[in-house]
Amino acid sequence: MSKTVTKNDPENLKSAKNTKQQKAPKNSKTQKAPKVPNNIPKKDHYQRLTYLYKIGSIMSSNLVDAGSISQSTKQGTNTFDILSRAYIKNLDLVSKKVVLKLHPNIKRTICKNCSRLVVTSPNSTMRIMNESKKKSPKNDVLEIVCECGTKKRFPFGKDPNYIPFAERDSVVVDAKF
Amino acid sequence: MMNTQNSKKQKSKTTKNPKNADKKQQPMANSLKKMEIKKRQVYKPILSNPYTKTSNWPLISPEVLQDIVKLLTENVFRQVQIYNMTKGSSKSSQKSSNDTTPEQSESQQQQEQPTIPRPTEHQHYQTGFNTIMKTLECQIKLIQSRKFNPEDPQALKYLFICKNDMTSPLLYNHFPIMTQLAHVKLIQLPKTTNKKLKVAIFGEEESGTIEVLGLLNGFVLEYPVLKHVIEENVDFVDVDFVGDKLGLQVKFLLTDQPVGGKNKQGVKK
């Protein structure tokens with residue numbers, strides 16, 4: 001028995017609507033692919049932030065010749081460390097005031113508690129931890145411990161194929177100068 | 001009871017009617033659904049880390065890389081591999097001999113002890129992320145306190161990383177900065193070298209991979225060919241902390257933005 005297809009059949013109508021929805025969603029008319037901007041808005045502020053980050057990292061890495069500046073204060077703390085923290089704190093404040101977005105790969109390197117750079121500072125540590133009994137690679141966690149004691153934990157073993165939104169190639173475009 | 005059942009049936013009929021379904025698909029004028037539809041795609045600028053550029057990794061020609069991999073997998077670790085294999089086999093035999101009496105097992109151990117002496121290279125190489133990070137951190141501390149001796153046999157000299165075999169960029173993004181601070185040469189190995197390295201060091205019996213390999217100064221001094229190849233063709237990492245160029249790294253992120261501003265009360269139009 002072959003089925004006869006009628007125009008007024010409600011099932012056929014439904015299926016036709018579904019196919020239409022699949023082919024052309026409602027937003028497709030309104031959403032046009034935007035052009036990649038030629039200029040960087042608020043470029044001066046971005047430059048300021050980059051400079052602050054660079055000067056902060058150079059201070060924390062202790063690459064400055066300590067001929068003119070005394071390396072340690074009376075309390076025994078490093079002058080460069082204090083300077084580095086001040087610059088990074090400044091960076092954080094400026095980015096919030098001017099409403100500039102920072103990439104996760106910048107934010108991951110900054111301690112939220114003490115504004116230290118955790119990669120270049122000498123007393124921070126970076127280890128792969130696995131606290132499970134079976135030591136399965138799913139439970140691998142990258143643990144970055146700052147000098148102040150705060151920890152950043154990245155469970156990279158949970159989903160090895162996971163890519164953060166800001167690092168996906170389909171979404172990120174490099175700025176043209 | 002009958003009345004209620006009839007009313008339910010009527011309700012179900014009304015929902016199945018395609019005309020009513022059409023009406024229901026359209027969201028209300030000021031509903032949340034409608035607000036979701038009112039969105040447009042925009043590029044938002046985002047400031048990236050100036051030190052995580054791909055160019056920070058030193059460029060090495062593929063021919064030189066092949067030579068380095070060949071040296072590492074075929075020549076340099078031969079004695080270490082033999083030692084590790086004999087050590088591993090003796091351990092496995094010890095496990096199997098657990099059923100025997102202690103006197104018998106002692107005599108067996110004396111017989112099965114590896115006759116090969118421990119090679120000097122065995123102390124001068126390091127594998128594994130945590131051990132390498134520990135040595136790098138110690139070396140940076142020594143350099144900053146100006147107590148570092150570059151001719152010390154325990155000083156880290158070369159760092160080989162299978163970047164493409166690693167699961168997450170979190171595990172290798174920091175190496176350019178750390179190697180520059182520690183005065184270590186960074187070498188990025190081609191894909192699937194991690195398995196070859198494991199076989200070269202521990203033999204084919206061991207499973208697993210080696211993504212990070214560090215050679216200390218004592219190891220390098222014994223193999224001048226490897227030293228010559230690396231010193232001639234591989235440069236030190238230059239992160240350029242504060243150079244002539246600012247190294248502004250701004251990227252554009254494609255995101256959705258709601259259309260329409262905000263009222264005085266803070267409710268979106």
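Colleague: How many salt bridges does the rule find across the interface of chain A and chain B?
Modeller: This is a predicted model, where local features need pLDDT of at least 70, side-chain atom pairs count only at pLDDT 80 or more and totals for chains, interfaces and linings use all residues, while side-chain values use heavy atoms, without hydrogens and water. Residues are numbered from 1 along each chain as its sequence is written, and chains are lettered from A and ligands numbered from 1 in the order written. For salt bridges (side-chain nitrogen of Lys or Arg within 4 Å of a carboxyl oxygen of Asp or Glu), the number found across the interface of chain A and chain B is one.

Colleague: Which side chain meets that of B:Glu137 in a salt bridge?
Modeller: The salt bridge of B:Glu137 has an N to O distance of 3.2 Å. Its partner also belongs to the three residues, with A:Lys54 and A:Met126, that supply 12% of the area chain A buries against chain B, more than any other three residues. The side chain that meets B:Glu137 is that of A:Arg127.

Colleague: How much area is buried between chain A and chain B?
Modeller: The contact (heavy atoms within 4.5 Å) takes 58 residues from chain A and 46 residues from chain B. Carbon and sulfur atoms give 65% of the buried area, which is the accessible area (1.4 Å probe) lost on putting the two together, summed over both. The total is about 5,000 Å².

Colleague: How many helices does chain B have?
Modeller: Helices (H or I, at least four residues) and strands (E, at least two) are DSSP runs numbered from the N terminus, and chain B has six strands. Among the contacts in chain B with a separation of 6 or more, 83% come from residues 24 or more positions apart. The number of helices in chain B is eleven.

Colleague: How many aromatic pairs are found over all chains, and what links B:Phe129 to a distant part of chain B?
Modeller: A search of the whole structure finds five aromatic pairs (ring centres of Phe, Tyr or the six-membered ring of Trp within 6.5 Å; planes under 30 degrees stacked, over 60 edge-to-face, the rest tilted). B:Phe129 in helix α7 (residues 129–144) of chain B has an edge-to-face pair at 6.2 Å centre to centre, with 75 degrees between the planes. The partner lies 46 residues apart, in helix α8 (residues 175–182) of chain B. The residue paired with B:Phe129 is B:Phe175.

Colleague: Is B:Phe175 buried or exposed?
Modeller: Its partner B:Phe129 counts as buried because its relative accessibility is 9%, on a scale where buried means under 20%, exposed over 50% and partly exposed in between (1.4 Å probe, protein chains only). With a relative accessible area of 0%, B:Phe175 is buried.
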